[in-house]
Amino acid sequence: MAHNAPKILSSTEMSASEAKWITLKKIKYLDEDGKERLWECAERKTRKSTGVDAVAILAILKSKTNAFPVSTVVIEQYRPPIGKHIIEFPAGLIDEGETAEQTAIRELHEETGYKAEKVLQVSPVIVLQPGMTNANMKLVVLSVLLDDKMETPEPKLEVGEHIIVKVVELAKLKVELEDYDRKGFVVDARLSHFASGYDLANQLNLA
């Protein structure tokens, strides 16, 4: 098991020809006034024929005996672009020949060890930073039904992956994320938005 704290050793500019995963594009377009403009953006090189880059996974954990409150699973992971640990949904890139649902089931099992029993929802294609990149994804909601008490299966991580799995009660998710923020973690926007929406729905008795 690795015990070293990750850290940035250097950061230098890279040409698009050197990059394995992303490239830069210059977009020429006409705006609403008919004026020609330029826009710079980043694009993934890994997009497959589905036209969708990745999935984020909201796993709903329940017990057949109601042995624990309805919960979800989130992961801690170091992200070099910001030089900090992130708390986020499990996620992954869609492989050629896979659907978003298949990717979500596979990635959940690989990153957390949990096996989904069924797919509950699949979002339309969504984007996060359309002013900077055309990267997109789908949010897949999966049901994980356990026989009794909470289980903590072993993830099936690849070499070089360092992920810590955390199970959180849905009702306490927003508070847990606030605690992560105080500890110096950065909370992923999608997870933060979901937690805030869930909390607000409960406050307004909409859930």
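V122 lies in strand 7 (residues 118-122). Strands (E, at least two residues) and helices (H or I, at least four) are DSSP runs, numbered from the N terminus. The model is predicted: local features need pLDDT of at least 70, side-chain atom pairs count only at pLDDT 80 or more, and totals for chains, interfaces and linings use all residues. Residues are numbered from 1 along each chain as its sequence is written, and side-chain values use heavy atoms, with hydrogens and water left out.

**Surface patch**

V122 counts as partly exposed because its relative accessibility is 32%. The classes are buried (under 20% relative accessible area), exposed (over 50%) and partly exposed (in between), with a 1.4 Å probe and protein chains only. Together with I105 and V119, V122 forms a nonpolar patch on the surface, with about 180 Å² of accessible area. Patch members have over 30% relative accessible area and no salt bridge; nonpolar side chains (Val, Leu, Ile, Met, Phe, Trp, Tyr) are joined within 5 Å, like charges within 9 Å. Areas come from the Shrake-Rupley method with a 1.4 Å probe, and for residues only the protein chains shown count as cover.

**Cores**

In soluble globular proteins, nonpolar side chains tend to be buried together. Here the largest nonpolar core has 17 residues, and I87, L173, L177 and L191 have the most contacts inside it. Strand 3 (54-63), strand 9 (136-146), helix 2 (173-182) and helix 3 (189-203) each supply at least two residues of this core. Strand 3 gives the largest share, four residues. Such a core is a set of buried Ala, Val, Leu, Ile, Met, Phe, Trp, Tyr and Cys residues joined through side-chain atoms within 4.5 Å.

Leaving out residues up to four places away in sequence, I87 touches V74, I75, E76, L177, Y180, V186, V187, D188 and L191. Contact means heavy atoms within 4.5 Å. A second, separate core of 16 residues includes V55, F68, I94 and A100.

**T72**

T72 sits in strand 4 (residues 71-79). T72 counts as buried because its relative accessibility is 0%. Its side chain reaches the backbone oxygen of A59 at 2.7 Å. Not counting residues up to four places away in sequence, T72 touches L58, A59, L61, K166, V167, V168, L170 and L173.

**Salt bridges**

The structure holds 15 salt bridges. Each is a side-chain nitrogen of Lys or Arg within 4 Å of a carboxyl oxygen of Asp or Glu. Examples follow.

| Pair | Closest N and O atoms |
|---|---|
| E43 and K25 | 3.0 Å |
| E98 and R106 | 2.7 Å |
| R190 and D188 | 2.8 Å |

The E43 and K25 pair links distant parts of the chain: E43 is in strand 2, K25 in strand 1 (residues 22-30), 18 residues apart. Strand 2 spans residues 36-44. K25 is partly exposed, with a relative accessible area of 40%. Outside its neighbours within four places in sequence, E43 is in contact with W21, I22, T23, K25 and N134.

E98 is buried, at 14% relative accessible area. A network of salt bridges links D95, E98, R106, E107 and E110.

In the third pair, D188 counts as buried because its relative accessibility is 11%. R190 counts as partly exposed, at 25%. D188 is also among the residues that I87 touches.

Methods. A polar contact is a pair of N or O atoms within 3.5 Å; within protein, one must be able to donate a hydrogen and the other to accept it, and residues adjacent in sequence count only if both atoms are side-chain atoms.
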